Every structure is written in structure tokens, then in C-alpha cells.
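Student: I have a structure open and would like to go through it by question and answer. Can we start with a loop and then work through the rest?

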Amino acid sequence: MKEIICKLLVIGAGPGGYTCAIRAGQLGVDTVIVEAERAGGTCLNIGCIPSKALIHAAEEYDNVSHMVGLSSPLGISVESAGLDLARTVAWKDGIVARLNSGVLALLARAKVKIVHGRARFRDGKTVEVETETGIQTIRAQAVVIATGSEPVDLPGLAFGGSVMSSTEALSLTAVPKKLVVVGAGYIGVELGTAFAKMGSKVTFVEAREQILPQYDRDLVAPVAKRLTALGVRVLNSTKVKGLTDDGLVIKDAAGEEHRLAADKVLVAVGRRPRTKGLGLDELDLDRAGPFLRIDEHCRTSMRGVYAIGDLTGEPMLAHRAMAQGELVAEIVAGKRRSWDKRSIPAVCFTDPEIVAVGLSPDEARAQGFDIRVGQFPFSANGRAMTVSRDDGFVRVVARADSNLVLGVQAVGFAVSELSAAFSLAIEMGARLEDIAATIHAHPTRSEGFQEAAMKALGHALHI
């Protein structure tokens, strides 16, 4: 098999890798991308997209379930509600397949060569790929490592049998009667909530004092209230000891052991960078803990070797990886670029959803800012009432001396769609007056953003 020689080699066709390759191809860079599995990576195949499809299906089923009989305040009634999870999963897989084909088409349009197989570095500019037809050697002037991350298991809870990661949870063909979710971060709460809506008796086991520990209590409170309404049991400050034939063994905050019966156990305690088998140790790249250390140009400690996405650290978000991929492609093409993003939005697709952009009030104070905060509840928002979901709020954090917006957070039904407005405000250096003076369409949830800015300025109109 002949060697492939190219200007840019991208290892991993996840959101960061394929974005990098497509942009490089658009700029005329001779590019090769290597992928061991399906293009699209974790996000498209076993993460963001399939989980949101399942969450949507669960929401629809839950809504219909509440229309059985005459219990719906909307006046809509149905005879009964049913769920065929195997059919739901097939529908989800169809969406994934459609998007996967789209990624391949975009790579082909950008004239990117795809090599299927597992890559391993021979040196900083040479990679050997184990393909179905043998070893393919690829030499490149620049290499981008974009291999992403993988779920972390726990001692005594190795994946397999009744213990599953999010990957297996997204492909179940029957709803488990009793589901225990170990880890109540965003992946665990998103999927646990979906299964609760589909009929599972769900219990969360979380080692910390609250669910979704990356968010402050005010943002988490509406989510916790919704879980209670769904009949979900939450065990905070509780650790897992192991799994026996009698169930999952846990130890509570008082040190007492208990057993939880479970048909399935979903372990969602975090993710780690996927670096095994790449030969990275031979390259002796600088690390930041388990992650590859990069600079503002996504350069590693080796000349011509870049890294993007989850294996470069938190936040492990697809849109961060995409932005890094585009950045590196343009650098390789000769453009002057550096990482100068002011904010990376974080969205949690729980019920209700949570959006966080920029600094929270506590983070702003910790950085020494004297701040003003405006918070507007959706209970005073007309659009929220018309869809029967007026829980949650929008919160704006700004400097007290200049009114420069430092952060925006929201919790509420469908607030993920507000994340773009929040990010744009911070990237553009908006002040409270800019947001307050911008006409926001009525009736929409976005009015909550304007009203929160007005509240911070001391003249909210609808509260």
C-alpha cells in the first residue's frame, strides 16, 4: 500500500475533526481525515443528537400520557398512551444515519480524503492506520489530534450486563422498570429524566450535595422540583460501593449501607480523553492532568501537532471543538488566528433546560467585580403561560460601574434556543442598556432577557 502524503492530517472525525477538515478543504489545503468508527463522533452517533431525540420522544409521550381521560387543562383527551421504545430508537437511528451521511457528503465536497481505521503515531509527522486492507502510512506537514473522549466507569461497576454507559442507554429497546442512575451531572439527569417520563422508576445516586453540581442552587431548583413531580428519587451525598445479586450497594451521608433494586444501572460519572493506542506517550506531549496541553493556537508542545476538542480539557462541548477545528484549519491555511472567545455557552437539556453563558454572580464576585444582577421569572411571561410552562427565569449579571454584561443564565422550558442571544450579547460587549433598548418580539420567551436587563437597571416593566 502506497504512502499518503498530505499537508494536513486530522485524526478523528467528530465535531472538531470533521469541522477542521471541511474548513481546511474549503481553503484548498490538501487534507486527510482518519476515523476508526462512524463520522460524526460521540456527539452525532452516541451523544448530543441521539440523546436529544430520545429526550424529545420522552417529552411527547409524557405529554400524551397526561391527556388520557379528561385530566388535561387544555381540554384535549386521548383514550390511552403507548410507547414502542424499539420503534423510537429506530427513528432516532434514522436521524443519526441522515446526519452521518451529511457529514460524509460535506467532507467529499471539500475534497477531503477519508481513511477508515485506527491511527497510531510513528513520529510527529507520520501515522500508521490499521485499515481493513492493511497498514496505511500517512505523512503530513501538520497533524490535528481530535479523538474526543469516552465514558468513565467505576470500580465494581464495569460496563456490561445490567451496568451501562450512556451509549447503551440510548439503544435500549425496552424501558427498564427500575433504573438507577449513578452520577447526577448533566448526562445522567438528562437521560434519567427521559426514562422517568417513559415510565421507569428512576433513582439518582449522586456523591455531591446536589444534582447538577456545576450550576448554582437557584438554577438547579426548578429541575429538582420537576424531578420530584415525575416521581424521581434523588439520593445526594451518597456513594456507590458495588453491585450484588441483591442490587446496588450504596453508602449514605451517615455512613449507613443500603441496597437499591435495579433492572439497569446507568453510570454517568464523567468522561476522560480518548488517548489510548495513539502512541502519544512516544511523542512526549505536555499534559495538563489527563488532557493534552495546548496554547491559544491549539498547538501542542510539538511543532506542527495540534489538538482540539475533549482531549484538550473542559468544557467538553461539541461547539467548543468545532470552533477549535475551524481555528486550526485557518492557521494551517496561513491565516493569523488565535483563540479569543469571550464565552462558551453551556446548555443542559434537562427539564426544564438550563443555559449558562459567561460568569455567574458568584464567579463574577470571586473575580473581584462589583456587580448588579437582574432576574426575571417566566411566571410573568405571556408566552411561557401559553405553553403551560412558566417555571424558571432569566438572570443577567453585569458590572456595576459600566453595566457591561458579564454573564447570562436561564432555566426554563426550551431556553436552549436563547443561548445564541446570550452569547452574542457577551461577544459583542453589550451593556444592560443595549439589551433593554433592543425590541424583543412579543410574545416570546426572549422578552425575559430584555426584562432581566431592565430589572438590573431598576425599571423592569412587567414585574
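**Loops, sheet and cores**

Tutor: Pro352 sits in the loop between β20 (346–348) and β21. Keep in mind that this is a predicted model.

Student: Which residue does a cis peptide bond join to Pro352?

Tutor: Most peptide bonds are trans. Here omega is about -5°, and the bond is cis. The residue joined to Pro352 is Asp351.

Student: Where is Pro443, which has a cis peptide bond from His442?

Tutor: Omega for the bond from His442 to Pro443 is near 0°. Pro443 is in the loop between α13 (432–437) and α14.

Student: In what order do the 5 strands of the open sheet run?

Tutor: The pairing in this sheet is parallel. The edge strands, β8 (163–164) and β11 (233–235), each pair on one side only. With those at the ends, the order is β8-β15-β9-β10-β11.

Student: How many bridges join β9 to β15?

Tutor: β9 covers residues 178–182 and β15 covers residues 264–267. The two strands run parallel. One bridge pairs Val181 with Leu266 of β15. The number of bridges joining β9 to β15 is 4.

Student: At what angle does helix α6 run to β10?

Tutor: α6 spans residues 186–197. The helix lies across β9, β10 (201–205) and β15. Its angle to β10 is about 160°.

Student: Is Thr203 buried or exposed?

Tutor: Thr203 lies in strand β10. Its contacts include Val180, Val181, Arg233 and Leu235. Relative accessibility is 10%, and buried means under 20%. Therefore Thr203 counts as buried.

Student: Which element supplies the largest share of the largest nonpolar core?

Tutor: This core has 35 residues. Phe195, Val202, Phe204, Leu212, Tyr215 and Ile354 touch the most other members. Elements that each supply at least two residues include α3 (48–65), α4 (85–109), α7 (217–229) and β21 (353–358). The largest share, 5 residues, comes from α6.

Student: How many residues are in the second, separate core?

Tutor: Tyr18, Ile22, Ile33 and Ala110 are among its members. The second core has 28 residues.

Student: Back to Tyr215. What does Tyr215 touch, not counting residues up to four places away in sequence?

Tutor: Ile354 is one of the contacts. Ile354 and Tyr215 both appear among the core residues that touch the most other members. The full list for Tyr215 is Gln210, Val220, Ala346, Val347, Cys348, Ile354 and Ala356.

**Rings, prolines and positive phi**

Student: What is the geometry of the aromatic pair formed by Phe422 and Phe449?

Tutor: A pair of aromatic rings is described by the distance of the centres and the angle of the planes. The centres are 4.9 Å apart, with 70° between the planes. Planes over 60 degrees apart count as edge-to-face. The pair of Phe422 and Phe449 is therefore edge-to-face.

Student: Which helices does that pair tie together?

Tutor: Phe422 and Phe449 are both buried. They lie in different helices, so the pair ties together parts that are 27 residues apart in sequence. The helices are α12 (residues 419–427) and α14 (residues 447–457).

Student: How far is the charged end of Arg445 from the ring centre of Phe378?

Tutor: The charged end of Arg445 sits over the ring of Phe378. The distance to the ring centre is 4.8 Å.

Student: What separates the C-alpha atoms of Pro377 and Glu451?

Tutor: Pro377 lies in strand β22 (residues 371–377). At 22% relative accessibility, Pro377 is partly exposed. Pro377 and Glu451 are 74 residues apart along the chain. Their C-alpha atoms are separated by 9.2 Å.

Student: Is Asp284 buried or exposed?

Tutor: Asp284 is in the loop between α8 (280–283) and β17 (287–288). Its phi is positive, near 55°. Relative accessibility is 60%, and exposed means over 50%. So Asp284 counts as exposed.

Student: And Asn403: buried or exposed?

Tutor: Asn403 lies in the loop between β23 (392–399) and β24 (405–412). Asn403 has a positive phi of about 65°. At 9% relative accessibility, Asn403 counts as buried.

Methods:
Residues are numbered from 1 along each chain as its sequence is written. This is a predicted model: local features need pLDDT of at least 70, side-chain atom pairs count only at pLDDT 80 or more; totals for chains, interfaces and linings use all residues. Side-chain values use heavy atoms; hydrogens and water are left out. Two strands pair if DSSP finds at least two bridges between them. Contact means heavy atoms within 4.5 Å. Axes are lines fitted to C-alpha atoms, for helices over the stretch in contact, and angles run from 0 to 180 degrees between N-to-C directions. A nonpolar core is a set of buried Ala, Val, Leu, Ile, Met, Phe, Trp, Tyr and Cys residues joined through side-chain atoms within 4.5 Å. Buried means under 20% relative accessible area, exposed over 50%, partly exposed in between (1.4 Å probe, protein chains only). Rings of Phe, Tyr and Trp (its six-membered ring) pair if their centres lie within 6.5 Å; planes under 30 degrees apart count as stacked, over 60 as edge-to-face and the rest as tilted. A charge sits over a ring if NZ of Lys or CZ of Arg is within 6 Å of the ring centre and within 35 degrees of the ring normal.
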